[in-house]
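Reader: I would like to learn how to read a few features of a model, starting with the spaces enclosed inside it. Could we go through them one at a time, with the general idea before the particular case?

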Amino acid sequence: MSTEIQLPSEWEHPSAQELPSGQELPAAQELKDAVVELHGAWDKQWEAVLELAPRLLAAYVRLAGVPQRKGHLDAKTRELVYLAVDAAATHMYAPGVRRHIRRALDLGATPGEITEVIELTTTVGIHAMNIGVPLLAELLEERGLRHGPGELDAYRTELKERFTANRGYWHEFWDEILELDPELFEAYTDFSSVSWQNGSLEPKVKEFIYTAFDCASTHLYVKGWKAHMDNALGYGATVGELLEVMEIASVMGMQSALQALPVLSEELLTRTAPAGR
């Protein structure tokens with residue numbers, strides 16, 4: 001039985017009609033083929049977008065296709081970046097996680113590489129401390145309970161050296177955490193070092209993963225975003241590669257349509273179904 005939606009004319013959205021936009025709407029099969037080329041598959045989510053907002057889908061294909069057309073990142077790395085954006089705790093878009101794991105495997109990613117992306121992405125939670133502890137230090141200074149950063153004792157000095165050796169950098173946003181909560185910092189050093197000590201992704205790709213979830217619109221952790229782009233440049237990343245990481249993160253807004261339009265499609269079907277069925 002066909003589930004194609006036959007909308008009453010008063011329900012039609014302008015994007016589903018021919019509009020004087022200056023661009024001809026591609027054929028449905030052309031749009032399907034473009035999505036498959038971009039993401040490796042076609043499913044009911046994309047079908048709902050095609051039925052209800054074909055001009056949006058056509059525009060998305062052009063937007064999401066920019067990194068692929070430029071080609072600074074290889075196809076597998078692009079999928080790993082997509083995965084980091086969708087799997088991050090600040091977003092957790094389950095359909096995208098499955099879609100990009102499947103596509104990454106198809107493109108030759110190993111289970112270990114995919115697991116490593118997830119390991120890297122789990123570090124997003126520490127940003128509660130990166131933002132919160134400096135605020136606490138500021139409040140303590142305002143109340144006269146702290147007078148600038150204290151000197152590092154032997155324990156804290158060793159922790160700083162261990163983190164720098166394991167992670168390959170130091171940034172000032174770790175200073176107050178190290179000073180005020182060295183126990184947490186020690187545990188986080190070990191937690192965040194798992195992929196660096198055992199993983200196989202090259203360092204600049206690890207930094208692409210951090211950059212991806214930091215720059216995503218659901219997070220926008222600016223200090224980390226800048227620091228990890230700087231680290232990536234230090235590991236030999238190009239401007240084009242970093243731009244593509246951000247381009248990939250920038251298309252996540254389309255997931256609003258992928259989530260909502262199938263629901264609209266289902267609701268419209270219930271209203272157009274014959275009575276008594």
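Reader: Which helix gives the most to the lining of the second largest cavity?

Author: A cavity is a set of points where a probe fits but cannot get out, and its lining can be sorted by the elements that supply the residues. In this predicted model, H12 gives the most to the lining of the second largest cavity, with three residues. At least two lining residues come from each of H7, H12 and helix H13, the last of these spanning 222-234.

Reader: What is the volume of the second largest cavity, and which residues lie closest to its centre?

Author: The volume is about 90 Å³. There are 16 lining residues, and the closest to the centre of this second cavity are Ile126, His127, Trp174, Tyr188 and His228. Sorted by class, the lining has nine nonpolar, five polar and two charged residues.

Reader: How many cavities of 30 Å³ or more does a search of the whole structure find, and how much space lies in the largest?

Author: The search of the whole structure finds three cavities of 30 Å³ or more, and the largest holds about 130 Å³ of space. It is lined by 17 residues, of which Tyr60, Tyr82, Asp86, His100 and Gln255 are the closest to its centre. Two or more residues of this lining are given by each of H4, helix H5 (94-106), H14 and H15. By class, the lining of the largest cavity divides into 11 nonpolar, four polar and two charged residues.

Reader: Let us turn to the packed interior. Which residues have the most contacts inside the largest nonpolar core?

Author: The general idea is that, in soluble globular proteins, nonpolar side chains tend to be buried together. Here the largest nonpolar core has 54 residues, and Leu57, Phe208 and Ile209 are those with the most contacts inside it. Several helices give two or more residues to this core, including helix H1 (28-39), helix H3 (54-70), helix H12 (203-215) and helix H15 (255-272). The largest share, seven residues, comes from H12.

Reader: With which residues is Phe208 in contact, leaving aside its neighbours within four places in sequence?

Author: With those neighbours left aside, Phe208 is in contact with Leu73, Thr77, Val81, Ala232, Ala237, Glu241, Leu242 and Val245. There is also a second, separate core of 13 residues, which includes Ile177, Leu178, Tyr188 and Ala227. Tyr188 therefore has two roles to note in reading the model, since it belongs to that separate core and is also listed among the residues closest to the centre of the second largest cavity.

Reader: How should I read a polar residue such as Asn166: is it buried or exposed?

Author: Relative accessibility is the value to consult, and the cut-off for buried is under 20%. Because its relative accessibility is 19%, Asn166 counts as buried. Asn166 lies in helix H8, residues 154-167, and its side chain has polar partners: a polar contact of 3.1 Å joins it to the side chain of Ser193, and another, of 3.5 Å, is made with the side chain of Gln197. Leaving aside neighbours within four places in sequence, Asn166 is in contact with Thr189, Ser193, Trp196 and Gln197.

Reader: And Asn231, is that residue buried or exposed?

Author: Asn231, found in helix H13, counts as buried at 12% relative accessibility. Apart from neighbours within four places in sequence, Asn231 is in contact with Tyr169 and Glu207.

Reader: Finally, backbone angles. Which loop holds Met92, and what is its phi?

Author: The sign of phi is worth checking in residues other than glycine. Met92 has a positive phi, near 50 degrees, and is placed in the loop between H4 and H5; with a relative accessible area of 59%, Met92 is exposed. Leu220 also has a positive phi, near 55 degrees, and is found in the loop between H12 and H13. Leu220 is partly exposed, with a relative accessible area of 45%.

Methods:
Residues are numbered from 1 along each chain as its sequence is written. This is a predicted model: local features need pLDDT of at least 70, side-chain atom pairs count only at pLDDT 80 or more; totals for chains, interfaces and linings use all residues. Side-chain values use heavy atoms; hydrogens and water are left out. A nonpolar core is a set of buried Ala, Val, Leu, Ile, Met, Phe, Trp, Tyr and Cys residues joined through side-chain atoms within 4.5 Å. Buried means under 20% relative accessible area, exposed over 50%, partly exposed in between (1.4 Å probe, protein chains only). Helices (H or I, at least four residues) and strands (E, at least two) are DSSP runs, numbered from the N terminus. Contact means heavy atoms within 4.5 Å. A polar contact is a pair of N or O atoms within 3.5 Å; within protein, one must be able to donate a hydrogen and the other to accept it, and residues adjacent in sequence count only if both atoms are side-chain atoms. On a 1 Å grid over the protein atoms alone, a cavity is a set of points where a 1.4 Å probe fits but cannot get out, and a pocket is an open set with protein on both sides within 12 Å along at least five of seven lines; lining residues have an atom within 4 Å of a point. Grid points are joined across faces, edges and corners, and a volume is the space filled by probe spheres set on the points. Ala, Val, Leu, Ile, Met, Phe, Trp, Tyr, Cys and Pro count as nonpolar, Asp, Glu, Lys and Arg as charged, and the others, Gly among them, as polar.
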